[in-house]
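I set out to record the cysteines of this chain, one arginine and one helix pair. My notes follow the structure.

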Amino acid sequence: MRMCRMRKTACLGIVLTLVILTIYHRYTSVNPVISKGLKEESSISSQFKNAIQQFSAEERPATTFQEESESGPPEVTNGNPLNGSLNPDQSNHLANSSTAINIVVEDGLPLSDHHIKVEPDNYLARCSISKGIHHNGADLQVSDLVENLPFQSENTDHGQYNGNLKPLPTSEELTVFLVPHSHCDPGWKETYDHYYERDVKPLLTNMYQFTLEHEDFKYIYAEVSFFKLWWEEQTDKVRQDMARLAREGRFEFVQGGWVMNDEANTHYFAILNQMMDGHEWLKKNLPDAVPNVGWAIDPFGLSPFMAQVNSMFGFNAMHIQRVHYTIKKHLALNRKIEFRWRQSWDPDGDTDILTQLGPFGGYNSQSTCGPDPDICLHYHFAAFTNPKFGKDPNLVKTTPSNVKERSLKILDQWRKKAALHSSNAVFIETGFDFSYIYKESLEVIYSNYKPMMEYINSHPELNTRVKWGTISDYFDKIKKSNVNFPSLSGDFFTYADRLDEYWSGYYTTRPFFKNLDRVLESSIRRTEILFSFHREKGDVEKLTKARNTLSLFQHHDAITGTAKHHVVLDYARMLLNAFKTCIELSTSAVQHILETKRTIGEQFQPIRQRAGYEDLEKFRVLEAPVGLVITSTIPRKTDSAQIIAVKSHLNLEVESTGGGVVLQQIEPAIEYGTLDPNSEFIVFRTELPSVSINKFEVTSSEKDKEKDRANVQFYNPGEKAAEISSRDSFTVLSHDSACDDISLGGDRLALILDCRSGRVKRIKKEGTSVEIEQQVLLYKGRSGAYLFRPSGSPTLLFTESSRPEIVVIKGSLRDKAVVTLRILNSVLVLTYIVHHHPGLEGEFVDLNIMSNLRDSGDLSIRLKTDIKSGDTIFTDLNGHTIQQHKYKSKLHTQGNFFPMPSTAFIQDSSTRLSLLGSEPHGAASLAQGWIEVVIDRRTSQDDLRGLGEAIQDNIPTPAKLRILVEARSATPTISDLYVVEYPSLVSHWTLQSLLHPAFILSVNLDQRDPSASTLQLMKSLPCDEELVNLRYVNDTTSQLIRRKLGFSCAINTPVNCDYQDLSLEQLFAGNVVIVNHPFSALRTEEDTKTRDLKSMEFSSQYVTFDEKMSF
């Protein structure tokens, strides 16, 4: 009866849902593959609940444009929605077609170099993972915990247990493992090198010597980057001893990555790189130390992608620590801190990995011995010898007279901790940051624990066994307990350690270096690929050092921007050197592949240069005649615009060396909002085969190039208007306050800007129109390097009354608008670009941002749209999976911002709007139809999380976003009933082209190059596969790493696409031998059988090249 009192439309929606579910159950009853892994009655209930929520969201009225109050964003209220025309008829015709379908670009222009017919069944099979018709079968969903737990900020226990826990009964046997460890940050308050010399060198020496002297003692270690430095200083005897300790299980490497990587800002390429770097070093130097357990005790929030990585690297378990205190306490009290972490896309649980979540707040003995930290503090023996720890007056040594009392007291804590576990085994970390730099610390810990261990072990009535152990010892024990560990799906963002103090600031902190990280990732990938085809292999040590630098920067206090200023500059110096190394090696490889004899330093030069580690990458101005060598590492044919800067007033044109002038446009050289009066940009279109090197020439022309010159218009004219108007190169038009909207693009894709304020008003794309109110906001508050803590409503900096200088450039290939905002003491430049080409570039709007923030606060760009997205935003995890988040007022504003390593989108039944980024940001949707990203941040205070300084070293910072509007299927489908979503194929390709732009070299034309105009190094991969890397292994072998994309079936693919599988050998010219190879160099399972690569999976093969390979 309650349903009947609802509005008629909502009732109809629920009826339709029941019909769909009925059809669904009939369908799955005859499709066991699809129904496999479904939960029974409980999952059906949750599906029905989700369905009701989905249809309710469709009825939810659009929000009016109100400003946020101190209590959070405005309620979704009744009001007039923005005037916009949404096309309700955009449907996925593939699903209902029974004939062959040829997917082509508008006007029949293909994008891919494969022009084939795609069978509907083949298409649906490819995107079947994206239909959402499966429930992932997990027993626990983190999203349900967020939905149902109170998250009360006035709850001041911070996840503590307040002495109310009952210990595990003595009738139940308990095993306790004391696990010595030392967490070593490769840079934070001190530089990587300084930490090594002062702390890590002595602690590793002490651990080694002490373990040799005490046969019952064991320890674990994680960071290969530090261990490498120590190893290189050791004698052969020490190295042999370490190998023996590893074989005997007395020394264990956990994780074995170069660093313990951050999990919010990192991209899967860099995560895999740092893991491979660590494992390859171990394979070469200490092959007996094979990591089998993941170890993530300090990253500030946790991603399920790391569970997938650990599974890929052959691990059998993992330990994690920093989870929101409310979620952690709930799982602990329900004995669910051991679980099988499941990927959202994996209903069969093939990639599940046993995971243990530390139940308490820290990872030292003071925090982990039990629920009462005041008692545990009395056993924090490191404070006896380490002056960094404040010595507690109650800390006493264990003696024969007090051993019983102290043993029973700590055993009570251990048994209370065990009451939170589902198995009767616990481990206690005996260590902390940079522990054991004094050998006396080990002596004190050992001599104080040993009498208690002997007392407990010698009293059978206590029914407890205590021993020194490793983390593998612990997991081996609990796996024998026959406990059916529950499965859990979801991510652990955003992390909070107390009250409303959410760690969402570091998603954006120091964005300049986050951007530089992505630039280096792309540079290393390109260099690796070119090295694989370089007949005379270059300096491998340089490549290895560049790899290691990228890996080092994935550390959870590096890419996060949460190190001290002088440490950040040390990272920056290393990043720049690695970037320059990649330029040098890529240039050398191209030159040798082309078999030219020119001198590298004098002839081949990149067209863009970066002078210092705090400088922007800029164009080098060219003069004709000059050759261009353009390298593409995208595994598909690309049709895209390239840009070069040439000296002004020269009549130049670009042509292919194969003959023929390419389409081009000449425009003022404005980059980062700055005009170079002495140069011009030539924008020209190129068709580049997959993974290829292509040659063009820039020559003087006697033709009239006036038709290639763009028109320039000014609104609210300023300095750039006066400069460009003084030249006779372009047709210039100025507008006064009475003006029409600015339209960039054409009939297929158009961006509409307000001509006075320069704000975005609308995006129109093939019948779909999204109304937008653009805002620029500054959140003031008590934020620091880690925390985002806004106070009250943000300051609105970009309003209807704003009058920034606007430069509009319109040409035959693209339209461009440069909006320069001077806000308070800061400058923000927004550059919008819309391409006229109907290929991939015609699908999105480029938004290039330059921020020069001089005011304290978090600078955010918000788009308020008429998309009926309800309370939901989708963001990516490490560039791989998509996670759904719902706005919760109980989490406060800061708890509703999530990491956006590359992608965020909102959607309703007919439209999706995506933001794709070239660097990480924090992202949120604080009300229906809203989507925003934090661009930059500057803090006026420290946030008391150990760094000890504010973030005030901002420098001019670039960022690139692509705005992608796509029509979704209007008819509700089963996929609408589930939370698992995927990008479209176009979104995947758009992001790949953003992250991996073409590499362009200039070369003097002192002689004609007789080689072909194009050398294709690899054929195209199927369009739903990505070339992650072709990682150089040795002079004849590279590691081919591919990724199968999961993509949405609800969004049509408007480009021609090849779904045909091919043998891997067909990718390469000449004879190659390809064998499967584990991701970890420490694993040895090799075979020549190729298993089909499934969506959302990665594959690894070794490719051995024929020395006589030709292109």
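I looked up Cys376 first and found 0% relative accessibility, so Cys376 counts as buried (buried means under 20% relative accessible area, exposed over 50%, partly exposed in between, with a 1.4 Å probe and protein chains only). I noted that this is a predicted model, in which local features need pLDDT of at least 70, side-chain atom pairs count only at pLDDT 80 or more, and totals for chains, interfaces and linings use all residues. Residues are numbered from 1 along each chain as its sequence is written, and side-chain values use heavy atoms, with hydrogens and water left out.

I then checked the bonding of Cys376. A disulfide joins Cys376 to Cys369, S to S 2.0 Å (a disulfide is taken as a pair of cysteine sulfur atoms within 2.5 Å). The link of Cys369 and Cys376 has -90° about the S-S bond and is left-handed. Cys369 has 1% relative accessibility and therefore counts as buried.

How many disulfides does the count come to? I obtained two disulfides by this rule. The other entry joins Cys739 to Cys755, with S to S 1.8 Å. Its torsion about the S-S bond is about 80°, so the disulfide of Cys739 and Cys755 is right-handed. Cys739 lies in the loop between strand E23 (731–735) and strand E24 (742–745), and Cys755 in the loop between strand E25 (749–753) and strand E26 (760–765), so the pair ties together parts that are 16 residues apart in sequence. Helices (H or I, at least four residues) and strands (E, at least two) are DSSP runs, numbered from the N terminus. I found both Cys739 and Cys755 buried.

I also looked up two further cysteines. Cys184 counts as buried because its relative accessibility is 0%, and Cys582 counts as buried because its value is 1%.

Next I turned to Arg759, which is placed in the loop between E25 and E26. Is Arg759 buried or exposed? Arg759 counts as buried, at 13% relative accessibility. Leaving aside neighbours within four places in sequence, I listed its contacts (heavy atoms within 4.5 Å); among them are Asp754, Glu773 and Glu800.

Last, I examined helix H9 (residues 268–285) and helix H18 (residues 540–553), whose axes come within 9 Å and cross at roughly 115°. Axes are lines fitted to C-alpha atoms, for helices over the stretch in contact, and angles run from 0 to 180 degrees between N-to-C directions. In H9, residues including Phe269 and Asp277 take part in meeting H18 residues, including Arg547 and Leu550.
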